[in-house]
Amino acid sequence: MTTQKKIKTLRLETAYLETGTTSGDLLVLVHGNVSSSEFFRPLMAKLPQNFHIVAPDMRGFGNSETLPVNATRGVRDFSDDLYAFLQHLIEPDKKVHLVGWSAGASVIMQYVMDYPRTVHSLTLQAPMSPFGFGGTKNTGIKMEPCSPDFAGSGGGTASLPFVDCLRTRDGELVSTQPAGAQCNVQSHARATMNNFYFKVLDSKTLLQRGIITKEMEDAFTESMYSTKLGDDHYPGNVLASTNWPFVAPGDKGMNNAIAPKYCNLSNFANVTAKIPVLWLRGADDQIVSDTSLLELNYLGSLGYVPGWPGAATHPPQPMVTQTRAVLDAYKQNGGNYQEVVFKDCGHSPHIEYEGEFIKTINTFIAQIN
Amino acid sequence: MVLLETTRLKLSYMGTEDAPFMLNLLNTPAYYKYIGDRNVRNIADAENYILNGPVKSYEKNGFGYYVVKLKHDESPVGICGLVKREALENVDIGFAFLPEHEGKGFGFESASALMHWANQTHGLKKIVGITLENNLPSIRLLEKMGLTFDKKMIMEDEELLLYARTF
């Protein structure tokens with residue numbers, strides 16, 4: 001039975017979903033941007049119940065406390081929140097398995113970099129690039145920004161109509177935004193989820209294919225609406241830039257925390273505790289991809305962002321390639337990882353292919369035990 | 001000859017050497033269902049189709065249908081192009097992909113690049129797309145490219161949806 005609880009740490013009052021056996025090894029599920037623990041609720045009921053399964057809401061998401069995100073710390077506000085939270089649950093003789101999804105994968109990578117000896121395995125599902133979202137072009141492990149001020153990443157890269165759809169619950173509430181920034185049908189949270197979070201297969205959504213129920217689709221959409229909006233939260237503040245596309249990261253809020261100016265996880269390759277890593281991703285993920293539909297260089301290359309300077313200086317960010325580069329370096333340094341790619345799958349293997357996801361993660365954790 | 005390159009794809013002018021590929025593409029179930037049977041049954045038919053369709057259009061309009069190929073191995077995955085029809089005031093954009101290459105964003109990547117090329121190179125201020133009402137993948141792609149529903153229309157005894165975008 002999955003229940004919602006709260007733990008007040010010195011950092012954050014953290015809401016979380018909990019199921020399984022409280023005396024078991026911890027299995028911690030960490031969500032990413034514009035989502036919350038609710039995206040894990042169906043999975044949690046199906047995972048082996050001998051684990052102590054918890055899914056916390058990150059600050060500013062779901063039902064956790066709304067505190068500002070100091071983006072200059074990269075994703076450390078989130079990883080430190082997670083550490084404080086887990087101190088209330090960890091038992092000395094029990095293992096800790098971290099599962100992070102998208103930007104949540106970056107959070108657990110940062111966690112391992114800062115608290116390496118407290119974790120027994122790491123599952124990165126559709127992980128954001130170790131070099132953050134937008135604004136870089138390197139294919140190797142040394143970060144190369146497209147512009148010195150990291151233009152093309154940060155709070156200014158979010159779609160304003162999408163932000164307004166979160167604000168107005170897909171147009172249920174009256175918009176107070178200027179015309180170009182108003183919610184429209186294509187930008188609805190529900191549409192964004194069905195078209196981008198999940199892969200549309202045979203022109204059918206997950207609901208139409210019977211993979212999720214209407215109640216689940218509604219709960220996931222509510223979870224997206226729970227994202228706290230503003231400069232301190234999502235998407236964060238924006239600096240004007242003289243470099244294309246003329247927006248650079250600010251110092252506050254979610255999208256700046258995952259901007260390469262502040263988020264560089266390439267040092268994960270040098271983590272001394274060699275924790276086994278499972279890298280899971282959908283073959284047709286359109287969010288984290290070498291041709292991401294949410295990344296401005298790629299959209300620029302297709303003509304949607306005027307003035308794109310060209311592939312020589314502004315190629316689409318090779319997100320998957322960057323993750324592979326860092327994990328290969330981790331391997332060279334004595335660590336190990338395995339990559340599992342789900343066919344016909346988008347950004348959410350744990351929902352799109354729940355059964356295979358559970359099988360894969362069980363096999364992985366069994367190898368460790 | 002290559003017209004355009006994108007991150008993963010190139011759009012090449014179509015020629016009779018593409019006949020085997022076109023024979024295959026024009027006879028997939030999706031092509032029959034959403035576009036129609038072009039009565040292309042053998043290589044000779046396909047060559048005629050290419051010469052009387054795309055090649056003629058290149059000469060007449062300066063644009064037409066192009067073969068979309070993967071950059072890394074040159075294998076053809078679909079077609080994407082611009083057509084000037086008698087029945088329509090504006091140039092319309094279209095695409096078709098082999099079933100095994102659907103759902104990879106190739107349609108969006110090729111059609112988006114072509115649409116902006118048409119705007120910049122030919123100065124087209126309005127681009128339209130026509131589709132059957134039940135062709136949801138096509139409708140979704142047109143919407144993703146910024147085209148919006150304009151009206152229903154009848155063409156060759158078929159009811160079609162007209163989508164449009166102005167620049």
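**Exercise 1. At what angle do helix H5 and helix H6 of chain A pack, and how far apart are their axes?** Classify the arrangement and describe the residues that make the contact.

*Solution.* Keep in mind that this is a predicted model.

Step 1. Take helix H5 (residues 189–197) and helix H6 (residues 214–225) of chain A: they pack at an angle of about 110°, and their axes are 9 Å apart.

Step 2. Angles of 65 to 115 degrees count as roughly perpendicular, so H5(A) is roughly perpendicular to H6(A).

Step 3. Now list the partners. H5(A) brings A:Ala189, A:Arg190, A:Met193, A:Asn194 and A:Tyr197 to the contact. From H6(A) come A:Lys214, A:Glu217, A:Asp218, A:Phe220, A:Thr221, A:Met224 and A:Tyr225.

Step 4. Sort them by class: the contact of H5(A) with H6(A) has 6 nonpolar, 2 polar and 4 charged residues.

**Exercise 2. Which residues touch the most other members of the largest nonpolar core?** Follow the one from chain B outward.

*Solution.* Step 1. The largest nonpolar core has 151 residues, and A:Leu29, A:Phe268 and B:Leu114 touch the most other members.

Step 2. Helix H4 (residues 106–121) of chain B gives this core its largest share, 8 residues.

Step 3. Leaving out residues up to four places away in sequence, B:Leu114 touches B:Leu3, B:Leu4, B:Leu11, B:Tyr66, B:Cys80, B:Gly81, B:Leu82 and B:Ile93.

Step 4. There is also a second, separate core of 9 residues, with B:Val128, B:Met153, B:Met155 and B:Ala164 among them.

**Exercise 3. Is A:Asn237 buried or exposed?** Place this residue and find its polar partner.

*Solution.* Step 1. Look in the loop between strand S8 (234–235) and strand S9 (238–240) of chain A, where A:Asn237 is found.

Step 2. Buried means under 20% relative accessible area; A:Asn237 has 13%, so A:Asn237 is buried.

Step 3. The side chain of A:Asn237 makes a polar contact with the side chain of A:Asp251 at 2.9 Å.

Step 4. Beyond four places in sequence, A:Asn237 touches A:Gly155, A:Asp231, A:Gly250, A:Asp251, A:Lys252 and A:Asn256.

**Exercise 4. Where is B:Leu147?** Work out its burial and its surroundings.

*Solution.* Step 1. B:Leu147 sits in the loop between helix H5 (136–144) and strand S7 (148–155) of chain B.

Step 2. Its relative accessibility is 0%, so B:Leu147 counts as buried.

Step 3. B:Leu147 and B:Val128 are 19 residues apart along the chain, with 7.3 Å between their C-alpha atoms.

Step 4. Contacts of B:Leu147 beyond four places in sequence include B:Met115, B:Ile127, B:Val128, B:Tyr163 and B:Ala164. Two of these names, B:Val128 and B:Ala164, should look familiar from the second core.

Terms used
Residues numbered from 1 in each chain as written. Chains lettered and ligands numbered in written order. Predicted model: local features only at pLDDT ≥ 70, side-chain atom pairs only at ≥ 80, totals over all residues. Heavy atoms only, no water. Axes fitted to C-alpha atoms, helices over the stretch in contact; angles between N-to-C directions. Helix = DSSP H or I, 4+ residues; strand = E, 2+ residues; numbered from the N terminus. Parallel < 35°, antiparallel > 145°, perpendicular 65-115°, else oblique. Contact = heavy atoms within 4.5 Å. Nonpolar A, V, L, I, M, F, W, Y, C, P; charged D, E, K, R; others polar. Core = buried A, V, L, I, M, F, W, Y, C linked by side-chain atoms within 4.5 Å. Buried < 20%, exposed > 50% of the residue type's maximum accessible area, 1.4 Å probe, protein only. Polar contact = N/O pair within 3.5 Å; in protein donor to acceptor, adjacent residues only side chain to side chain.
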